[in-house]
Amino acid sequence: MRTRVLSFVLVALLSSATAHADITVGAAASLAEVMQGVGEVFERKMNTKVSFHLAGSNSIMRQIENGAPIDVFVSADELHVRQLAQKHLLGKTEPRTIASNELVIVVPVDAPATVRKPSDLATRHVEKIALADPATVPAGIYAKAYLTRAGLWRSVAGKVVPTLNVRAALAAVAGANVDAAIVYRTDARASKDVRIACTIPRAEAPLIRYVAALTKQGQQSAEARQFLVFLTSAAAHEIFAQYGFLPAP
Amino acid sequence: MPSAELWEVVRFSVLKAGLSTLMLTVPSIALGWFLARTRWRGKVLLETAVLLPLVLPPVATGLLLLNLFSRRTPLGAALHASGLDVVFSWRGVVLAMMVMSVPLFVRTARVAFEGVNPRLESIAASLGASRARTFMSVSLPLASRGIVAGAILAFARALGEFGATIMIAGNIPGRTTTLSVGIFNLVELGNDRAALHLLIASLVIAFAAVIVSELLIARAQVHR
């Protein structure tokens, strides 16, 4: 009996290894929902299992540097992709910009309307502002660049609660543990406990680019290469649009 | 991170871990004694409750605290109204440290009290000492080494706290960044050198704490 179970396990293991190669996609936290949508369509079309690893783009970059088995990297900015390229950790296929987004200020859904425009962040009504860590995480880097450009950074820097990724900043507002956060418009949809207080004009903010790239490991995998092509297809664009993303600039 | 800031992180962590241990001292001694010297129905429930943070994943404990102290709860709202925010403040750091280290402190204190010969206590009582006097002049001195060892373990655990801290206090530079959170953050930043400095600092502190605690426990056993 035991040998039969063992041989069954063995066969199962072997057959899973010889089936279609599965791919792992490391994607920016803000892509959580849309990537599930894209993944489902791709899985149905290609009969390949796609698993997603969602985190701040900087975390994923570190993990790739340290040899994590990731095939496709979808970063919320160009910087982290470029840093990997400089360290010769990407495949030879050119990275692609696949979508854009915009920044909004969110507040707890039941908060009084003290934030109506970005400069209200500098008033004393706002004590804590959650940002994805402005030193490392794309959403925070974009937000800091905007605040600096708008001349607000100096008055809000002391109020910043840096978080691991943009979704953690969203969660801090959802729990009413901070007064406001700057997140992507698409993130605001992910929580019922926040509302958008105002939108940051795109002309005044840095251009947000989601960039997809193959890692060295991904370059070797036909499925991973197909996934990268699929991300730039009309079908994928449509899914991105459904989830509120803007087309690639 | 410049070295002044690194030093500040070390100082902040040591001070807050010290404060956490100090605030735990009296309750842990009382609870340790209570668990060692009393017998009643349902005692096991209290014992389990005290030990819970030791076995629960720290992040889960942190989430529990976050839900308890969030501004959406009456408690959190009242604290916020009086300017005593716990979430994303140094108070959250100390709270996380206290909750995570209380099991070690209580358990060590309890074992220390259990090691005190009850006959010595009854002799003191038979000589007319009140219960409080017996405790202060017999039980407590005899258990003191074990209690100090418990305090040191609690301090070391507080210093190493990560999971609950990041949940409830976050990582605000200069305000809630502790040694453990700082190390994690520096690695995320790719600043491995500064992370290494913090690693060395925590190694030195932890090493010293454990050695002192081991010496005290060893001496306590010799003296018995």
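Helices, taken as DSSP runs of H or I with at least four residues, and strands, taken as runs of E with at least two, are numbered from the N terminus. On this basis, the elements of chain B in the predicted model run α-α-α-α-α-α-α-α-α-α from the N terminus on. The secondary structure of chain B thus comprises 10 helices and 0 strands. Along the principal axes, the C-alpha atoms of chain B fill a box of roughly 65 × 40 × 30 Å.

Chain A, by contrast, contains sheets, of which two are described here. One is an open sheet of 5 strands in the order β2-β1-β3-β10-β4, with mixed pairing. Its edges are formed by β2 (50–55) and β4 (96–99) of chain A; each has a single partner strand, so one side of each remains without a neighbour in the sheet. Direction ignored, neighbouring strands of this sheet are turned by 25 degrees against each other on average. Within the sheet, strand β1 (residues 23–28) of chain A pairs with strand β3 (residues 72–75) of chain A in the parallel sense, over 3 bridges. In this region A:Gly26 is placed opposite A:Phe73 in β3(A). Helix α2 (residues 32–46) of chain A lies across β1, β2, β3 and β4 of chain A, and runs at about 170 degrees to β2(A).

The other sheet of chain A is likewise open and mixed in its pairing, with 5 strands in the order β7-β6-β8-β5-β9. Here β7 (160–163) and β9 (194–199) of chain A occupy the edges; because each has a single partner strand, one side of each is left without a neighbour in the sheet. The average turn between neighbouring strands of this sheet is 35 degrees, direction ignored. Strands β5 (residues 103–108) and β8 (residues 180–184) of chain A pair in the antiparallel sense over 4 bridges, and A:Ile105 stands opposite A:Ile182 in β8(A). Helix α5 (residues 138–149) of chain A packs on the sheet and touches β5, β6 (129–132) and β8 of chain A, its direction making about 110 degrees with that of β8(A). Helix α7 (residues 166–174) of chain A also packs on this sheet, where it touches β5, β6, β7, β8 and β9 of chain A; the direction of helix α7 makes about 140 degrees with that of β8(A).

The size of an interface is often expressed as the accessible area lost when the parts come together. Between chain A and chain B, about 1700 Å² is buried, 44% of it on carbon and sulfur atoms. On the chain A side, A:Arg62, A:Lys128 and A:Asn177 lose the most area to chain B, together accounting for 32% of what that side buries. In terms of contacts, 26 residues of chain A meet 18 residues of chain B.

Empty space was also examined. The structure holds 2 cavities of 30 Å³ or more. The largest cavity has a volume of about 60 Å³, and its lining consists of A:Ala28, A:Ala29, A:Ser30, A:Gly56, A:Ser57, A:Ala76, A:Val137, A:Pro138, A:Ala139, A:Asn165, A:Val166 and A:Tyr184. By class, this lining has 8 nonpolar, 4 polar and no charged residues. The second largest cavity has a volume of about 30 Å³. It is lined by residues of both chains, namely A:Lys128, A:Asn177, B:Phe69, B:Arg71, B:Asp85, B:Val86 and B:Val87. The lining of this second largest cavity divides into 3 nonpolar, 1 polar and 3 charged residues. A:Lys128 and A:Asn177, which line the second largest cavity, are also among the chain A residues that lose the most area to chain B.

Key: Residues numbered from 1 in each chain as written. Chains lettered and ligands numbered in written order. Predicted model: local features only at pLDDT ≥ 70, side-chain atom pairs only at ≥ 80, totals over all residues. Heavy atoms only, no water. 1 Å grid on protein atoms, 1.4 Å probe; cavity = no way out; pocket = protein on both sides within 12 Å on 5 of 7 lines; lining within 4 Å. Points joined across faces, edges and corners; volume = space filled by probe spheres on them. Nonpolar A, V, L, I, M, F, W, Y, C, P; charged D, E, K, R; others polar. Pairing = 2+ DSSP bridges. Axes fitted to C-alpha atoms, helices over the stretch in contact; angles between N-to-C directions. Contact = heavy atoms within 4.5 Å. Buried area = accessible area lost by both parts, 1.4 Å probe.
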